[in-house]
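This briefing is meant to be read with the sequence and the coordinates open side by side. It moves from the overall make-up of the chain to individual contacts and pairs.

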Amino acid sequence: CQHNLLRSILDCKNSNRTNFYDMKFLPKVLTLFVRFTKIKEIPEFAFVNYTQLIVFYVDNNDIENITKESFVGLNNLRELTFLNNKLKILKNHLFS
């Protein structure tokens, strides 16, 4: 991943990443790009420490599953995209 300190952006595109567990923890990141990877799921509490995150792009991955707990801690999140993933069903109240 590449980190732009001035703009508080973490960009993890075009990597062979298969999970979020080895992602560098940067609590002041405002924008996170995780695109064109091999990630299949967003685990519960994966971003609990990213409390400042406002924009999250998770496009063009292999994500099949997310739960309500996947987004715990992202209280400031304003923009989220999941374009071109393998999600088939989003459960009711996922984002409430």
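The points below are grouped by topic, and they describe a predicted model.

The protein has zero helices and five strands, and along the sequence these elements follow the pattern β-β-β-β-β. Of its 96 residues, 41% count as buried, while the area that the protein exposes comes to about 6200 Å², with carbon and sulfur atoms supplying 50% of it. Among the contacts with a separation of 6 or more, 43% are accounted for by residues 24 or more positions apart.

**Nonpolar core**

- The largest nonpolar core is made up of 19 residues, and the members with the most contacts inside this core are Leu32, Leu53, Phe56 and Leu74.
- Leu53, one of those core members, touches Val29, Leu30, Thr31, Leu32, Leu74, Asn76 and Leu77 when residues up to four places away in sequence are not counted.
- Two of the partners of Leu53, namely Leu32 and Leu74, are themselves listed with Leu53 and Phe56 as having the most contacts inside the core.

**Aromatic pairs**

- The count of aromatic pairs comes to four.
- In one of these pairs the ring centres of Phe47 and Phe56 lie 5.0 Å apart and the planes stand at 70°, so the arrangement is edge-to-face, the class for angles over 60 degrees.
- Both Phe47 and Phe56 are buried, and together with Tyr50 they form one aromatic cluster.
- In another pair the rings of Phe71 and Phe82 have centres 6.2 Å apart and planes at 85°, so this pair is also edge-to-face.
- The pair of Phe71 and Phe82 links distant parts of the chain, with Phe71 in the loop between strand 4 and strand 5, Phe82 in the segment after strand 5, and their positions 11 residues apart in sequence.
- Phe71 and Phe82 are both buried.

**The salt bridge**

- Side chains of opposite charge can pair when their charged atoms come close.
- A search of the whole structure finds one salt bridge, in which the side chains of Lys86 and Asp62 meet at 3.8 Å, taken from N to O.
- This pair links distant parts of the chain, since Lys86 belongs to the segment after strand 5 and Asp62 to the loop between strand 4 and strand 5, 24 residues apart.
- Lys86 has a relative accessible area of 45% and is therefore partly exposed, and Asp62, with a relative accessible area of 23%, is likewise partly exposed.

**Contacts between loops**

- Glu44 is placed in the loop between strand 3 (31–33) and strand 4, and its relative accessible area of 45% means that Glu44 is partly exposed.
- Leaving aside neighbours within four places in sequence, Glu44 is in contact with Thr67, Glu69 and Ser70.
- The C-alpha atoms of Glu44 and Phe71 are 7.3 Å apart in space, although these residues are 27 residues apart in sequence.
- Thr67 lies in the loop between strand 4 and strand 5, and because its relative accessibility is 18%, under the 20% limit, Thr67 counts as buried.
- With neighbours within four places in sequence again left aside, Thr67 is in contact with Glu44 and Leu94.
- Arg35 also lies in the loop between strand 3 and strand 4, where its C-alpha is 4.9 Å from that of Asp59, a residue 24 positions away in sequence.
- Not counting residues up to four places away in sequence, Arg35 touches Asp11, Cys12, Lys13, Asn14, Tyr57, Asp59, Asn60 and Asn61.

**Nonpolar surface patch**

- Phe45, Val48 and Val72 make a nonpolar surface patch of about 220 Å².
- Val72 is found in the loop between strand 4 (55–57) and strand 5 (79–81).
- The relative accessibility of Val72 is 31%, so this residue counts as partly exposed, and the value lies over the 30% that membership of a patch requires.

How values were computed:
Residues numbered from 1 in each chain as written. Predicted model: local features only at pLDDT ≥ 70, side-chain atom pairs only at ≥ 80, totals over all residues. Heavy atoms only, no water. Patch = residues over 30% accessible without salt bridge, like charges linked within 9 Å, V, L, I, M, F, W, Y side chains within 5 Å. Areas by Shrake-Rupley, 256 points an atom, 1.4 Å probe, with all protein chains shown as cover. Salt bridge = Lys/Arg side-chain N within 4 Å of Asp/Glu carboxyl O. Helix = DSSP H or I, 4+ residues; strand = E, 2+ residues; numbered from the N terminus. Buried < 20%, exposed > 50% of the residue type's maximum accessible area, 1.4 Å probe, protein only. Core = buried A, V, L, I, M, F, W, Y, C linked by side-chain atoms within 4.5 Å. Contact = heavy atoms within 4.5 Å. Phe/Tyr/Trp six-rings, centres within 6.5 Å; stacked < 30°, edge-to-face > 60°.
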